[in-house]
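Thanks, everyone. I'll keep this brief. Please have the structure open while I talk.

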Amino acid sequence: QVQLVESGGGLVQAGGSLRLSCAASGIIFSITTMGWYRQAPGKQRELVATMTSHDTTNYADSVKGRFTISRDNAKNTVYLQMNSLKSEDTAVYYCNANIPRRFREPLDAWGQGTLVTVSS
């Protein structure tokens, strides 16, 4: 059973920093592309950052230079370091695992989400 458990959200002032963590279980973490998505009130869920098993990263333009995704395969954990936070970063942040499957399309798994609120 796949489980993704996020932590680290909270309230922070604009310009501040937060680090989100996502602990994964039930998957072969080292071969799985991991990512962070977010959903602001009244908006669709959007990609924030992803990191492949080969450590290739991809970022939304809105967070480039401010956010950093990283992973620790020994701990089955992916992180999102968020610096220079802005009010528009306020959202529920979701951890995603894009799980490879032999001869089938990858399976997407999601965490329960963690709320990040940036006050201006």
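Start with strands 4 and 5. They run antiparallel, and five bridges join them. Within that pairing, Y37 sits opposite L47 of strand 5. The two strands make a hairpin, with six residues between them. Look at G42 in the turn: its phi is positive, about 75°. One reminder before I go on: this is a predicted model.

Stay on strand 4. It has a second partner to look at, strand 9. That pairing is antiparallel too, over seven bridges. Q39 faces V92 of strand 9 there. Is strand 4 mostly covered or mostly open? Mostly covered: five of its seven residues are buried.

Now the other sheet on my list. Four strands make up this open sheet, in the order 1-3-8-7, and the pairing is antiparallel. Which strands stand at the edges? Strand 1, residues 3-7, and strand 7 do. Each has a single partner strand, so one side of each has no neighbour in the sheet. From one strand to the next, the twist averages 15°. Strands 3 and 8 pair antiparallel over six bridges. Along that pair, R19 is opposite Q81 of strand 8.

On to the core. The largest nonpolar core holds 31 residues. Which of them touch the most other members? W36, L80, M82 and Y93. Seven strands give two or more residues each: strand 3 (18-25), strand 4 (33-39), strand 5 (46-51), strand 7 (67-72), strand 8 (77-82), strand 9 (91-101) and strand 11 (114-119). Strand 9 supplies the largest share, five residues.

Take M82 from that group. Leave aside neighbours within four places in sequence. M82 is then in contact with G16, S17, L18, L20, R66, F67, Y93 and V116. Y93 is itself one of the four that touch the most other core members.

Last stop, T114, in strand 11. Why does T114 count as buried? Its relative accessibility is 11%, and the cut-off for buried is under 20%. The T114 side chain reaches the backbone nitrogen of G9 at 3.3 Å. Again setting aside neighbours within four places, T114 is in contact with E6, S7, G8, G9, L20, A91, V92 and Y93. Two names there have come up already. V92 is the residue opposite Q39, and Y93 is also in contact with M82.

That's my tour. Over to you for discussion.

Definitions and conventions
Residues are numbered from 1 along each chain as its sequence is written. This is a predicted model: local features need pLDDT of at least 70, side-chain atom pairs count only at pLDDT 80 or more; totals for chains, interfaces and linings use all residues. Side-chain values use heavy atoms; hydrogens and water are left out. A nonpolar core is a set of buried Ala, Val, Leu, Ile, Met, Phe, Trp, Tyr and Cys residues joined through side-chain atoms within 4.5 Å. Buried means under 20% relative accessible area, exposed over 50%, partly exposed in between (1.4 Å probe, protein chains only). Contact means heavy atoms within 4.5 Å. A polar contact is a pair of N or O atoms within 3.5 Å; within protein, one must be able to donate a hydrogen and the other to accept it, and residues adjacent in sequence count only if both atoms are side-chain atoms. Two strands pair if DSSP finds at least two bridges between them. Axes are lines fitted to C-alpha atoms, for helices over the stretch in contact, and angles run from 0 to 180 degrees between N-to-C directions.
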